[in-house]
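Trainee: I have a model open and want to walk through its fold. Can we take it piece by piece?

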Amino acid sequence: MIEPLRDFAGKVAVITGGGTGMGRELAKQLTAEGCSVALCDVSMANMEETKRQCEAAGLPQGTRIVCHVADVSDEAQLQAFQRAVADGLKTEKVHLLFNNAGIGGGGGFVRGTRAEWERTFNVCWYGVYYSCRVFLPMLLKAERAHVTNTSSVNGFWASIGPNEAHTAYPAAKFAVKGFTEALLTDFRLNAPHITASVVMPGHVGTAIMLNTHTEMHTIRNAVTAGGVALDEDRRQRIEKVGRAFEERAPTSAAEAATIILDGVRANRWRILVGEDAQIIDKAVRAEPERVYDADWRNPMGLSLEKPAR
Ligand SMILES: NC(=O)c1ccc[n+]([C@@H]2O[C@H](COP(=O)([O-])OP(=O)(O)OC[C@H]3O[C@@H](n4cnc5c(N)ncnc54)[C@H](O)[C@@H]3O)[C@@H](O)[C@H]2O)c1
């Protein structure tokens, strides 16, 4: 049995989606322990805020932070990120890879917009897959490494409730879970110094709903001639729902990051985040044939990552 990677000091971590939410909190907790981090995100301003918060807490000597704009659904952009990590942190090794970037949305397969569906799938699935491909050589060079791929409770339960078509996000999150589980054996056979975890959060207090809305609005504008107007009323409604999603979550982003890092330190391959995730996991296992019935009430009455349209 391989020793877990318990001590993050002096290590190099890559975090995708480090601009807000769980990615930001992972960066704060890792740098506080003296782990250098390289962040990518679509927003430089948000990454700079993450960096500012890390530095405000006081960085242990030698701890460095690199920020790089990259869209994880584009392999070429991730390759450029990989070069920025190697140059910026002067390293050929990555010890910790957190494939965390994600958006909700995507919606229905039957009536939804194909461009939105594929955007969600491509970010949530290809973002993880390409990042693993691109950083594998640097993980192989490290003496000990760990890959942490973020799925969701929607990685084992493909629903946000009986009245909402929600297909792209679960398709991607199931793929992330299956890929990570399969990697466990691949790594054990072919790169035994690398271990992996799949993270399955329940409802965590982040701006994911607002970030997703911005993303989907951009896509709708791109596919609709003349753009899509967003009136002030609607904008305020979306803002309200998005803030409520963040504020009413049973688990904060900081708590989620601590659960994830504790899971890595214990080398747990499955990391459920939040009591709600634990309860849904048990409920889905208890009655797998029932969980998509219209009258099946999930035990938390949860509505996760419902896209704010
Ligand atoms: N918040 C929840 O309730 C919840 C539940 C289950 C799973 N998750 C998953 O957790 C992960 C983190 O989400 P979060 O809740 O912290 O949300 P968040 O929106 O706060 O953070 C996600 C970050 O990823 C970035 N991002 C989005 N698309 C990107 C792209 N194409 N390329 C690079 N960066 C991109 C965003 O800008 C943002 O900074 C996601 O994979 C999400 O699907 C979240």
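**Helices, sheet and loops**

Mentor: Start with helix α6. Its buried residues are covered by elements that include α1, α4 and α7. Keep in mind that this is a predicted model.

Trainee: Which residues of α6 are buried?

Mentor: Helix α6 spans residues 208–223. It has 16 residues and reaches 22 Å from its first C-alpha to its last, close to the 22 Å expected. Its buried residues are I208, M209, N211, T212, H213 and M216.

Trainee: At what angle do α6 and α7 pack?

Mentor: Helix α7 covers residues 232–247, and its axis lies 7 Å from that of α6. From α6 come M209, L210 and H213; they meet I238, V241, G242 and F245 in α7. By class, this contact has 5 nonpolar, 2 polar and no charged residues. The packing angle is about 145 degrees.

Trainee: Now the sheet. In what order do its strands lie?

Mentor: The sheet is open and has 7 strands, with parallel pairing. At the edges are β3 (65–69) and β9 (270–273), each pairing on one side only. The twist averages 15 degrees from one strand to the next. The order is β3-β2-β1-β4-β5-β6-β9.

Trainee: Which residue in β9 stands opposite V198?

Mentor: Strand β6 holds residues 194–201. It runs parallel to β9, and 4 bridges join the two. Opposite V198 stands R270.

Trainee: Which strands does helix α4 touch?

Mentor: Helix α4 takes in residues 114–141 and packs on the sheet. Its direction makes about 170 degrees with that of β4. The strands touched are β1 (12–16), β4 (96–99), β5 (145–150) and β6.

Trainee: And α5: at what angle does it run to β6?

Mentor: Helix α5 is made of residues 168–190. It lies across β5 and β6. Its angle to β6 is about 160 degrees.

Trainee: How many residues of β1 are buried?

Mentor: Take the two faces in turn. V12, V14 and T16 are buried on one side, A13 and I15 on the other. The count is 5 of 5.

Trainee: What are the bridge partners of β1, starting with A13 in β2 and then V14 in β4?

Mentor: Strand β2 (residues 36–41) runs parallel to β1, with 5 bridges joining them. There, A13 stands opposite V37. β1 also pairs with β4 in the parallel sense, over 3 bridges. In β4, the partner of V14 is L97.

Trainee: Which helix joins β1 and β2 in a right-handed β-α-β unit?

Mentor: This helix covers residues 21–32. It has 12 residues and reaches 17 Å, close to the 16 Å expected. Just after it, G34 takes a positive phi of about 90 degrees. The helix in the unit is α1.

Trainee: How many residues of α1 are buried?

Mentor: The helix is mostly covered. Among the buried residues are G21, M22, R24, L26 and T31. The count is 10 of 12.

Trainee: Why does E25 count as buried?

Mentor: E25 sits in helix α1. It touches A253, A254, A256 and A257, leaving aside residues up to four places away in sequence. Its C-alpha is also 9.5 Å from that of Q53, 28 residues apart along the chain. E25 is buried because its count of other C-beta atoms within 10 Å is 26, where 20 or more is the cut-off.

Trainee: On to the loops. Is K90 buried or exposed?

Mentor: K90 is in the loop between α3 (75–88) and β4. Its phi is near 45 degrees, a positive value in a residue other than glycine. K90 has 10 C-beta neighbours inside 10 Å, so it counts as exposed.

Trainee: What is the burial class of N267?

Mentor: N267 lies in the loop between α8 (253–265) and β9. It is not a glycine, yet its phi is positive, about 50 degrees. N267 has 16 C-beta neighbours inside 10 Å, so its class is partly exposed.

Notes. Residues are numbered from 1 along each chain as its sequence is written. This is a predicted model: local features need pLDDT of at least 70, side-chain atom pairs count only at pLDDT 80 or more; totals for chains, interfaces and linings use all residues. Axes are lines fitted to C-alpha atoms, for helices over the stretch in contact, and angles run from 0 to 180 degrees between N-to-C directions. Two residues are in contact if their C-beta atoms, placed from the backbone, lie within 7 Å. Ala, Val, Leu, Ile, Met, Phe, Trp, Tyr, Cys and Pro count as nonpolar, Asp, Glu, Lys and Arg as charged, and the others, Gly among them, as polar. The expected span of a helix is 1.5 Å times one less than its number of residues. Two strands pair if DSSP finds at least two bridges between them. A crossover is right-handed if, with the strands pointing away from the viewer, the path from the first strand over the helix to the second runs clockwise.
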